[in-house]
Amino acid sequence: MKAVHNFCAGPCLLPQPVYEQAAQAILNFENTGMSILSISHRSAAFIAVLEEARQLALELLKLDTKGYVALFLQGGASMEFLRIPYNLMKQKAAYINTGVWSSKAIEQAKMLGEVNLVASSEDQQFSYIPKSIQVSDPVDYVHFTSNNTIYGTQFNYIPQTDAPLVCDMSSDIYSREFAYDQIDLIYAGAQKNIGAAGVSLILVKEDILGKTQRSIPQMLDYQEHIAKDSLYHTANVFAVYTCLLNLRWLKQQGGVSAIEIVNNQKAALLYQTLDELDFVQGTAAREDRSKMNVVFTFKNERMNALFDQLCEEAQIRNIKGHRAVGGYRASLYNAVTLDSVTVLASVLNQMKALV
């Protein structure tokens, strides 16, 4: 069977060993004779899984000795859009708007207080990352989205602020070295670079919590989840286990620094290919291009049909762009191989001879 090259933006491709180990655990979890789908979330076996996953989540970003706590919760990053202002906002927060997901986070924050929009790239259809961001007014926290899956832009710096810094890193966490310890609360939906869909990961400095004097519903209270060790209610056992397998795999590859080298190679190959073709164009400003989500369009839309046909023949899947932007999007998350990117680049070059 011909290899499939999956560039899905999420749920993302996971390493083959993770699929194999997860599949085996469905049949027989660690030789217990039981399926991972049917063990208690209160069992010693699952608590060991959860604790190792939480430890690795911190260790791989070098946050394990810096006052952070890791939580695996349900609701995805969208739940954190609301949970964050509940836990951190007293009166006012600052937000940087760089796309659909930060816009959604802003709308949720407005339910609990004032939002100070300190920077936005909406004026150019979110095709760039704002620079020289100034946060002059006193705010309870500053929020930004590190990578924008829909528009293909990515922060290459960390905004400077005296307030606690919050970052949605759903689509580029664990993909590159970054000054993670300069961010007070990191959150991410698991389905990009962490594991299977169904959980979100929160990495938070405990000392920024408990300061709003607000009565917080327990389901939304980070301190409640910390006190219950991510087991306030029934955990998504299988999704957490899949996250653990993927984090173990990442550590075996050499960690974030090692995977960044491969990710840089993949992005460089694809962007170089696009830049050398006069019939295709990227949608993001060159200096702000994402290494996780490469977004491009053909100058002549009639070429779409040819590209679609060649992708089908090459077994390239999930390459269509988001409906908000159109065109095409190749997501280059950690488990996507350089071989797959090479196949995509060859298809693009093949078009040069056919047009």
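I looked up Phe-72 first, in what is a predicted model, and listed its contacts (heavy atoms within 4.5 Å): leaving out residues up to four places away in sequence, Phe-72 touches Leu-50, Ala-53, Arg-54, Val-199, Ser-200, Leu-201, Ser-230, Val-240, Cys-243 and Leu-247.

I then looked up the largest nonpolar core, a set of Ala, Val, Leu, Ile, Met, Phe, Trp, Tyr and Cys residues that are buried (under 20% relative accessible area, 1.4 Å probe, protein chains only) and joined through side-chain atoms within 4.5 Å. This core has 65 residues, and Phe-72 is among those with the most contacts inside it, as are Phe-46 and Ile-173. Its largest share, ten residues, comes from helix α6 (residues 237-253), helices being DSSP runs of H or I with at least four residues, numbered from the N terminus. Another core, of 27 residues including Leu-274 and Phe-307, lies apart from it.

Next I checked the packing of α6 against helix α2 (residues 44-59): the axes, lines fitted to C-alpha atoms over the stretch in contact, with angles from 0 to 180 degrees between N-to-C directions, come within 9 Å and cross at roughly 45°. The contact involves Phe-46, Leu-50 and Ala-53 among the residues of α2, and Val-240 and Leu-247 among those of α6.

For helix α1 (residues 16-27) I noted an angle of about 145° with α6 and axes 9 Å apart; among the residues that meet are Pro-17 and Ala-22 in α1 and Phe-238 and Trp-249 in α6.

For the record, residues are numbered from 1 along each chain as its sequence is written, and side-chain values use heavy atoms, without hydrogens and water. Local features need pLDDT of at least 70 and side-chain atom pairs count only at pLDDT 80 or more, whereas totals for chains, interfaces and linings use all residues.

Key
Buried < 20%, exposed > 50% of the residue type's maximum accessible area, 1.4 Å probe, protein only. Helix = DSSP H or I, 4+ residues; strand = E, 2+ residues; numbered from the N terminus.
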